[in-house]
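User: I should like to learn how features of a protein model are read, beginning with the model itself and moving on to particular contacts.

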Amino acid sequence: MEQRKLGRQGLTVSAQGLGCMGMSEFYGDADEAESIATIHRALELGITFLDTADMYGRGHNEELVGRAIRGRRDHVVLATKFGVVRSEDPRFRGISGKPDYVKQACDASLHRLGVDHIDLYYQHRVDPQTPIEETVWAMAELVQAGKVRHLGLSEAGPRTLRRACAVHPIAALQTEYSLWSRDPEDEILPACRELGIGFVAYSPLGRGFLTGQIRRFEDLPEDDFRRTSPRFQGENFERNLRLVRRIEQMAAGKGCTPAQLALAWVMARGQDVVPIPGTKRRKYLEENAAALAVDLTKDDLSRIDEIAPKGATAGTRYAEAGMALLNG
């Protein structure tokens, strides 16, 4: 498995990671045994960069990942996140970057994961009520205490990144990036490269849309959060489906699946870019891993720019409330 560096402090990860969120919620039912088998298969394939968060399943996902890596900890680069506060009310989402909360959240994650340190610890969303300097200082104290190895931010804007780096080195920024979410190319990616921050691309398959497996809105489970996404609704859905069909045609010409083409494109954006496609099934994990063998030429990349140019996707990434928390 190819390895890539995130940041300038020595964090090295597999060129493709595994997003574990869907193993606990948001994308319909999951089979816990199959989810753990998927993590084990990822490690066999050399995909050792695992991504979770304390809010996924309100702690369930960290517990699941912790069980899956028991006895395998030395072979895993483990990333988790804090900052999105949940309650028994599934509609509630709070944001906190308060120093005391940072430390409490870290201890809780370590306990659920069953580990003594976290390799990459992200602030999940920027807290507009807490100066980023205060949050990052508390995170830096976790590094000093040996509980965390490297620091990351998720969905942070360029100004926030610069302020954060003035307090402590930031190894990685995690933001949505794919053939249908290319907005990081405007300011986010350039800022990361200026500051020496690696880029972790979540939802590199457009929340599954770029796989070509979703043909109708009705194909989504009733409890699937994508039903609330503007990109999956009405005319937006139909326009985005036409985009996927163009990707499918090119993938067929390359002898790969549309998912593999989409992942190969993300990995071709630079050695500092690492996609973390999420799946809860081994068959899709293996399909995703095979994207590492897809070679995109300059002509291929130019063709992709023609069929999926920046701004071609219809609809915003999230509904209005979710969009307000991006690029903080």
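Analyst: The turns below treat helix packing, two single residues and the salt bridges.

User: What kind of model is this, and how are residues numbered?

Analyst: This is a predicted model, in which local features need pLDDT of at least 70 and side-chain atom pairs count only at pLDDT 80 or more, while totals for chains, interfaces and linings use all residues. Residues are numbered from 1 along each chain as its sequence is written, and side-chain values use heavy atoms, with hydrogens and water left out.

User: How is the packing of helix α2 against helix α3 to be read?

Analyst: Two packed helices are described by the angle between their axes and the distance between the axes. Axes are lines fitted to C-alpha atoms, for helices over the stretch in contact, with angles from 0 to 180 degrees between N-to-C directions. Helices (H or I, at least four residues) and strands (E, at least two) are DSSP runs, numbered from the N terminus. Here the axes of α2 (residues 60-69) and α3 (residues 99-113) come within 7 Å and cross at roughly 45°. That angle makes α2 oblique to α3, since angles under 35 degrees count as roughly parallel, over 145 as roughly antiparallel, 65 to 115 as roughly perpendicular and the rest as oblique.

User: Which residues make that contact?

Analyst: Contact means heavy atoms within 4.5 Å. On α2 the residues are E62, E63, V65 and G66, and on α3 they are S109, R112 and L113. They divide into two nonpolar, two polar and three charged; Ala, Val, Leu, Ile, Met, Phe, Trp, Tyr, Cys and Pro count as nonpolar, Asp, Glu, Lys and Arg as charged, and the others, Gly among them, as polar.

User: Is P275 buried or exposed?

Analyst: Buried means under 20% relative accessible area, exposed over 50%, and partly exposed in between (1.4 Å probe, protein chains only). P275 has 0% relative accessibility and therefore counts as buried. P275 belongs to strand β12 (residues 273-275). Not counting residues up to four places away in sequence, P275 touches A15, Q16, G17, A201, P204, L263, V266 and M267.

User: Where is S181, and what does its side chain meet?

Analyst: S181 is in the loop between β10 (172-176) and α6 (188-195), and is buried with a relative accessible area of 1%. A polar contact is a pair of N or O atoms within 3.5 Å; within protein, one must be able to donate a hydrogen and the other to accept it, and residues adjacent in sequence count only if both atoms are side-chain atoms. The S181 side chain makes such contacts with the side chain of E176 at 3.1 Å and with that of R231 at 2.7 Å.

User: How many salt bridges does the structure hold, and what do R282 and D186 pair with?

Analyst: A salt bridge is a side-chain nitrogen of Lys or Arg within 4 Å of a carboxyl oxygen of Asp or Glu. The structure holds 23 of them. In one, R282 pairs with E34, the closest N and O atoms being 2.7 Å apart. This pair links distant parts of the chain, with R282 in helix α9 (residues 282-289) and E34 in helix α1 (residues 32-45), 248 residues apart. R282 is partly exposed, with a relative accessible area of 36%. In another, D186 and K310 have their closest N and O atoms 2.8 Å apart.

User: Which residues share a network with D186 and K310?

Analyst: A network of salt bridges links R182, E185, D186, R269, D305 and K310.
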